[in-house]
Amino acid sequence: MAGLENIVGIHFLHPAIGFLALALVMAFLSNETYKTWRWLLLAPPILAIASVVALTLGPDGVRNLASIPYLGQTLELGRVDALSLIFADVFAIQALIGFIYALHVPDRGQHMAACAYVAGGFGCVFAGDYITLFIFWELMSVASVFLIWLRQTPQATAAGFRYFLFHTFGGLFLLAGLLLRYGAIGTFAFTPVDPATAHYYDYLIMLGFLVNAAFVPLHAWLPDAYPEATVTGAVFMSAFTTKTAVYVLARGFAGFEILAVGGCIMALYGVFYATIENNARRILSYHIVSQVGYMVCGIGIGTAMAVDGACAHAYAHILYKGLLFMGTGCLLYACGTAKLSELGGLASRMPLVMIGYMVGAVSISGMPLFNGFVTKTMTITAAAEAHRTWLALGMELAAVGTFLSVGIKLPYFAFWAKPKSTMAIKPIPWNMYLGMAISSFLCLFIGLFPGTLYSLLPFPTDYIPYTPWHVLQACCLLGFTGLGFYLMRKIIPPHPSRNLDFDFLYRAIGRGFVKVVSVPAAAIDNIWTDVYEKVGLKALIEAGHGTSIFDGKVIDGVLDGSARSVREVGGATVARGQTGRLQDYLAAAVTIGLVIFAIVWFVG
């Protein structure tokens, strides 16, 4: 490694390398032998965990451990500090859980897409400059599209195209911002932006980040695409895209007021739509919008505790949201549907799935003893201590909606609302249960021992989650929310209809655009049709008449004259010239050419 270090400055095993290598290797494997090669899926995440642990145990402070000179620029692939390490740590853990959950899938295409997607996430986390960040950012966008398309349904194909358009839109804003920034200050370094001195190109970069963060109203791609992804693809997607956006916002844009207010709106908006949804995976998708809102709000507040709370909540969210998507993925895999109106009475037939899901449900709801409690309360407390009372109250209200929709409504109508289900259920592979078990353990472990997570936070914290007030507050909110649902359970059953959300606006804009384009195009087409009928068609008829005359007078005349010459002058003479030998024809052609050349020579 010494020679390599001298050339490119690589001092550590980048966690993305193993995933990219496996994606390349799997291009030469076949689906038929997946039971042999599927164990390779566990190698990259295990290597990633080892690499991140080694970095965590290394010296404190910012370290640039990998750089590559390229076209006069230095690509920083290995900027390591506390902020990058906490995200890398949970990315590596969730990658291992996700690939365990996906061990039964024989489709190598899904695994290749997942490997490239995870590699992009790690690349963004360790990127020290905007060029490196942009490369891995786009790798994530492209790879994640295939996690949707590979479900191979018409709905997934359409949702994947819309997803790709959204992320292309965000990527273009990011690219424009970083190029304009380079033109203005002469560097691609990815450094924090002071809200007081932010320029227009900084806001373009932020806009590109906010698309991936599902910032309202740029969020519609998420509840549209995630429910249509493959069963295992949705587990990966719930962990990386939005949390990578949270990381870059925390890295570059902490303290921006628009993030504080917008994050609170996200938290409330997401739970509102989740409460009225029917599709289980769509409910969870809206809750990604809501939970990421807590993180964005904490970043916008910008205090040390608020940023710590955002990072801690991102860590916890990846674990419990992955667990929730694994639970609903089991429902979709076994029952063929994730619609609550078609499920029910499954608790006794799928008890392990129900238990695993409920661990994720109480975690996201902020119940004491689980990881969501020790992270969500930190963000809310940070808002209160920063005298942002309305933001704190908004996040508390969102917590009520979270427990109502994810903690009560979804499991009630999926597992208990009806008598024991008689629908056919497909057996669930052991590895799906194992993935859920690992996530459940981590959700409980972090809730019981929050210090293990707090020690990874970018700023030192003395926050104590288990105070009598915090516990009493959480129990009261959860208890009264449960009572309210119990009283209303018979009047709020899920309905099979789909809520369009901001899709309604996008579709209206799309229809308007089509009209704007089609109306003048149709008018031009009508004018062209009239011109063609009056001028073009007549010209074609005349041209046809002329070619008819040429054919009759010239072509037929020559052929008929040749025929008459054969008949009248003597067919035998002509026949003697038809020897059929190529050399005779060549000699005749050369002779004629020499004669013509001689005539021209003497005349000239």
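**Note on the helix packing around α9 and the Tyr117–Thr241 pair**

1. Helices α8 and α9 are roughly antiparallel to each other, because the angle between them, about 155°, lies over the 145 degrees from which that description applies. The model is a predicted one, and in it the axes of α8 (residues 154-185) and α9 (residues 200-212) are 7 Å apart, with α8 passing α9 in a left-handed crossing. On the α8 side the contact is made by residues including Phe166, His167, Phe169, Gly170 and Phe173, and towards the end of the helix by Ala184 and Ile185. On the α9 side the contributors include Tyr200, Tyr201, Asp202, Leu204 and Ile205, together with Phe209, Val211 and Asn212.

2. Helix α9 also packs on α11 (residues 231-252), and here the axes come within 7 Å and cross at roughly 150°, which makes α9 roughly antiparallel to α11. This crossing, too, is left-handed. Met206, Phe209, Leu210 and Asn212 of α9 meet Thr241, Thr242, Ala245, Val248 and Leu249 of α11. Phe209 and Asn212 therefore deserve attention in α9, being listed in the contact with α8 as well as in the contact with α11, and both are among the buried residues of the helix.

3. What does α9 look like as an element in its own right? Its 13 residues should span 18 Å at 1.5 Å a residue, and its end C-alpha atoms are 19 Å apart, so the two values agree. Its buried residues are Tyr201, Asp202, Ile205, Met206, Gly208, Phe209, Leu210, Val211 and Asn212, and these pack against α7 (130-149), α8, α10 (221-225), α11 and α12 (257-275). After the helix comes alanine 214, which has a positive phi, near 60°.

4. Threonine 241, named above as a contact of α9, is located in α11, and with a relative accessible area of 2% it counts as buried, because this is under the 20% cut-off. Leaving aside residues up to four places away in sequence, threonine 241 touches Tyr117, Met140, Tyr163, His167, Asn212, Trp221 and Tyr226. Of these, His167 belongs to the α8 contact with α9, and Asn212 is a residue of α9 that meets α11.

5. Which side chain forms a polar contact with that of threonine 241? It is the side chain of tyrosine 117, at 2.5 Å. Tyrosine 117 lies in helix α6 (residues 108-125) and is buried, with a relative accessible area of 0%. Its contacts, again not counting residues up to four places away in sequence, are Met140, Ala143, Ser144, Leu147, Phe236, Met237, Phe240 and Thr241. Met140 appears in this list and in that of threonine 241. The C-alpha atom of tyrosine 117 is also 6.7 Å from that of leucine 139, although the two residues are 22 apart along the chain.

6. Elsewhere in the chain, helix α16 (residues 371-385) has 15 residues and reaches 22 Å from its first C-alpha to its last, close to the 21 Å expected. Because 13 of its 15 residues are buried, α16 is largely enclosed by the rest of the structure. Histidine 387, which follows α16, has a positive phi, near 65°.

7. For the chain as a whole, there are 23 helices and four strands, and 50% of the 604 residues count as buried. Of the contacts with a separation of 6 or more, 81% are between residues 24 or more positions apart.

How values were computed:
Residues numbered from 1 in each chain as written. Predicted model: local features only at pLDDT ≥ 70, side-chain atom pairs only at ≥ 80, totals over all residues. Heavy atoms only, no water. Helix = DSSP H or I, 4+ residues; strand = E, 2+ residues; numbered from the N terminus. Expected span 1.5 Å × (residues − 1). Buried < 20%, exposed > 50% of the residue type's maximum accessible area, 1.4 Å probe, protein only. Contact = heavy atoms within 4.5 Å. Polar contact = N/O pair within 3.5 Å; in protein donor to acceptor, adjacent residues only side chain to side chain. Axes fitted to C-alpha atoms, helices over the stretch in contact; angles between N-to-C directions. Parallel < 35°, antiparallel > 145°, perpendicular 65-115°, else oblique. Left-handed = near helix turned anticlockwise from the far one by under 90°.
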